[in-house]
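Trainee: Before we start, could you take me through the reasoning behind the labels, rather than the labels alone?

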Amino acid sequence: MIIAVITILVIIVLALIIYNYSVHKKIETYSNLNQRITSLNVLQEFMKTLGENTSIKEKLENINDILISKYSIKYSTIVVFDGAQYVVKASNVDRKHWDTLKSLQNDPVFSDSIKTATPKYVTVDNENEKLPYQKMEFGRAKCAMFFPLYVDNVYIGYWIIEGSMPHEFDHIDTTILEVVRNNIVTILKTVEKQATIENIVRDDLYSGLKSAEYLYGEGKKIIDQFTTSAICLFKITNLPNINIEVSRKTGDAVITELSNFIKNNLAKDYIFVRYMGPKFAIVFSGADKEGVYSFMEDMKPKIEELEISAAEDYIPENEEEDIVVSPKIRIAISTYYKGTSLDGALKKMEEYIDSSNENTIKSM
């Protein structure tokens, strides 16, 4: 009788062990699936952030906020080498700790991680300890995971997440975080192109206008507030002749006078840039092509009636000679649709501007 009872109890215990193991595996599977779904949602939000007309700083800060929210991370910091120094690109840690956070590449605790391109996990065992790299932030974080960032096998910085409790990341799925790390690298590569555009924008010396690159960075934020806008590209067709036959400074004066005249007749919401050499572009944000055609039809004769005296570098054939020049312009007007290629539309207009021999207004 006793043996039978013991046998039954053993069977029950074994059954419970098997059942508990099965439940554990189901929970583990569900957890992994849930993490994968979270990662997919994070990636989708990353892509959405990349497509927004915001600055690089705003993009990286939004991405960091997504990581913190989706993975319930206490602290997250992205640090990148900008060519001269390490810079905190995004962080929810108090700024007083940034000097420490942007110097972790110099800390021995992370040197092997950087050399081997593998994550590094550090934690304390109790609340009275502090992490090896911490200076003045005693008590802020009790564990951290360090991810070096590489682009084409070149070390560019790191992503570090921190927790407020000892051993908080002991059971975190690092494979998921590796995917996130790779997504951060992809995003950094993408925004690098935007950074290049933002950094090469210059103010033109003679027109006082922004260079063409402005259209694809800060300017696009304004343009894309509207579904459609009218774009105008025009060329001073006789500028090369003025430079050669009169003088270069006279040509510069033509650019200055024409630019000031147009600026004084444009609404502040419209974007006017020196596109290239004798070519200029105006984006009439939210305006229709027909209205802009009428505006330029009115402006063209006024522009061509401007009289600019020869500059001091002109050498007249006789002392009584008084040289005055006037600009002649060729104009193309088209419609830009939000979400399409602004550069492509301008290139098509430029082809007409360069191939035509008439100083007319062309609606495209």
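Mentor: What follows is a set of questions on aromatic pairs, burial and disulfides.
This is a predicted model, in which local features need pLDDT of at least 70 and side-chain atom pairs count only at pLDDT 80 or more, while totals for chains, interfaces and linings use all residues. Residues are numbered from 1 along each chain as its sequence is written, and side-chain values use heavy atoms, with hydrogens and water left out.

Trainee: Why is the pair of Phe-110 and Tyr-133 called tilted?

Mentor: Rings of Phe, Tyr and Trp (its six-membered ring) pair if their centres lie within 6.5 Å, and planes under 30 degrees apart count as stacked, over 60 as edge-to-face and the rest as tilted. The ring centres of Phe-110 and Tyr-133 are 5.6 Å apart and their planes stand at 45°, so the pair is tilted.

Trainee: What makes this pair a tie between parts of the chain?

Mentor: Phe-110 belongs to helix H4 (residues 108-116), whereas Tyr-133 sits in the loop between strand S3 (120-123) and strand S4 (143-151), so the pair links parts 23 residues apart in sequence. Helices (H or I, at least four residues) and strands (E, at least two) are DSSP runs, numbered from the N terminus.

Trainee: Why does Phe-81 count as partly exposed?

Mentor: Buried means under 20% relative accessible area, exposed over 50%, and partly exposed in between (1.4 Å probe, protein chains only). Phe-81 has 36% relative accessibility, so Phe-81 counts as partly exposed.

Trainee: How do you know that Cys-143 is buried?

Mentor: Its relative accessible area is 0%, so Cys-143 is buried.

Trainee: How many disulfides does the structure hold?

Mentor: Zero, where a disulfide is a pair of cysteine sulfur atoms within 2.5 Å.
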